[in-house]
Amino acid sequence: MAFVSVVLMTFAWIAIIYFICNFCRLVSVKMINTLPGPKALPLVGSVFYFLQRNPDEILGSLLKLVRDYSSPFQVWMGNKLFIGIYEPDQIKTILQNSNCLDKGVLYKFIEPVLGKASLLTAPDTVIGIKLDSRLDKMSQFCKLIISCKKSLSCRFKNILLYPNFIYNLTGFGREQQKKLNFIYSFVNEMIQQRQYALNKSNTAETKNKITHRAICDMLLEKSHEENFTQESIIHDNVLTMLVGASDTIAITMNFVTFMLANFPEIQEKAYKELLEIYGVETPRSAPVKYEDLQYMDYLDRVIKETLRLFPVVPVVARQLTEDLRMGEIILPKGADIVVALGKVLRNKKYWPNPLEFDPDRFLPERLGNSYSYYMPFSNGPRNCIGMKYAMISMKVILATLIRTFVFKVDKSIGINKIKLKFEVLLSPIEPLKVKIERRNFPS
Ligand code: HEM
């Protein structure tokens, strides 16, 4: 009997919350009913639009919205209002506005994973720990991060799972919690080890062991200087950096190597540029020096062109903390703005022959005004904090790989044939396979 009352009470509360939220929704609808968008039914909004889709098809549905409706357009998911935009000037209005610094409900879903995989250079830079002895754990860490991200698309489709208190009660929520426990304890373990190494490095005999300062060191130092005891601040920042730095670079590297294999003449040009820098005497395994990077103009353009066609973060989001005027329209406070960065990067208005892989479009004399529409690292005060690090590390990796190996494909394919999916990050639906052969040095 008591159980039945609890269930009834729960339903009653949910109904009341829905009623209040729906009331708020109607108030905002008055402000925004001029925007185009898919048909929205009472209570559920346009949820049916996404219901039939599996995670691989979410990107397709978002692209369809972008094709069908002019920017800005509206999509109601239950009583949650999302506003999609894809015109560069509107994008900058949002991303550069100080009332749009909150990242919104989509980020809240993955916040536990992002720190309210992948490439293994990040732990060294972020925490200062080499992972040779912990590869198993690190690979499990990366797999869990990927699977937590996958669950975001499932949650986005199901409006009943939006409130955390409901989501946490479901099987998905409990499963996610288990994964998070592992992720958190792994990150904490690494931070503690770094703290231990730092403490020891103050003693004379181990002074030389710390070769460089990692981001974690700076956070730990700050925490001692300013006496903040909240370990979670360090933990969250370290986790955000690890997650931000891992898949993004790994996926982009995957696309770049495929583009090099798919366009052998471009690979050859990149190789020739490296030969001019290193000659044939320098061992291919010799570390790439920071000063060398400034001469890798062509490689820089190859990476930029790859990011234009395959922006690993094609969509970012912001929540409005105040009403915002955009031309004639007022976008209401509380709405989540979904910014389709990827759409701008393939728009023929700004990039002639957008589906052609042409690194030289980034030559200064050809670029003209287009660079102001180039935002794979986003824009404004909350753009990607790791942009420079990402470009540097990708050049270092590629400069080593291209000198040592040749990348090949059995049959080249057109860019439009590469089908993509979107699970927080953009990635290919089918694996992009390349053959790797050792390069012969010219005699
Ligand atoms: C190809 C590589 C990368 C790309 C394309 C990329 C792109 C982006 C984009 C588009 C955002 C969203 C910004 C926004 O919401 O407006 C972002 C956020 C972020 N990125 Fe990157 N990123 C890359 C690599 C990295 C690396 C290597 C790091 C760390 C060293 C990093 C750290 C971060 C962090 C911490 C944020 C969150 C910033 C915030 O919330 O204020 N990213 N990145």
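A salt bridge is taken here as a side-chain nitrogen of Lys or Arg within 4 Å of a carboxyl oxygen of Asp or Glu. In the predicted model described here, K408 and E437 meet this criterion through their side chains, with an N to O distance of 2.8 Å. The pair links distant parts of the chain, K408 being placed in strand β7 (residues 405-408) and E437 in strand β10 (residues 435-438), 29 residues apart. K408 is partly exposed, with a relative accessible area of 35%, and E437 is likewise classed as partly exposed, at 36% relative accessibility.

Strand β10 also contributes K435, which forms a salt bridge with D410 in the loop between β7 and β8 (420-423). The closest N and O atoms of this pair are 3.0 Å apart, and 25 residues separate the two partners along the chain. D410 counts as exposed at 69% relative accessibility, whereas K435, with a relative accessible area of 44%, is partly exposed.

The structure holds 14 salt bridges, including one between the side chains of D360 and K269, at 3.2 Å from N to O. This pair joins the loop between α14 (341-345) and α15, where D360 is found, to helix α12 (residues 264-278), which carries K269, across a separation of 91 residues. D360 is buried, with a relative accessible area of 16%, while K269 is partly exposed at 43%. Both residues belong, together with R301, to a network of salt bridges.

A further lysine, K80, lies in strand β2 (residues 80-85) and is buried, its relative accessible area being 15%. The side chain of K80 makes a polar contact of 3.1 Å with that of D336, and a polar atom of the K80 side chain lies 2.8 Å from the backbone oxygen of G334. Beyond residues up to four places away in sequence, K80 touches V75, V105, Y162, Q319, G334, A335 and D336.

The iron atom of the ligand has a single donor from the protein, the SG atom of C384, at a distance of 2.3 Å. C384 is situated in the loop between α15 (364-367) and α16 (387-404).

At the level of the whole protein, the secondary structure comprises 16 helices and 10 strands, and buried residues account for 48% of the 443 residues. The accessible surface amounts to about 23,200 Å², with 59% belonging to carbon and sulfur atoms. On this surface, L41, L43, V44, F48 and L51 form a nonpolar patch with about 400 Å² of accessible area together; among them, L51 lies in helix α2 (residues 48-51) and counts as partly exposed at 47% relative accessibility.

Methods
Residues numbered from 1 in each chain as written. Predicted model: local features only at pLDDT ≥ 70, side-chain atom pairs only at ≥ 80, totals over all residues. Heavy atoms only, no water. Donors = N, O, S within 2.8 Å, 3.2 Å for Na, K, Ca; no water. Helix = DSSP H or I, 4+ residues; strand = E, 2+ residues; numbered from the N terminus. Patch = residues over 30% accessible without salt bridge, like charges linked within 9 Å, V, L, I, M, F, W, Y side chains within 5 Å. Areas by Shrake-Rupley, 256 points an atom, 1.4 Å probe, with all protein chains shown as cover. Buried < 20%, exposed > 50% of the residue type's maximum accessible area, 1.4 Å probe, protein only. Polar contact = N/O pair within 3.5 Å; in protein donor to acceptor, adjacent residues only side chain to side chain. Contact = heavy atoms within 4.5 Å.
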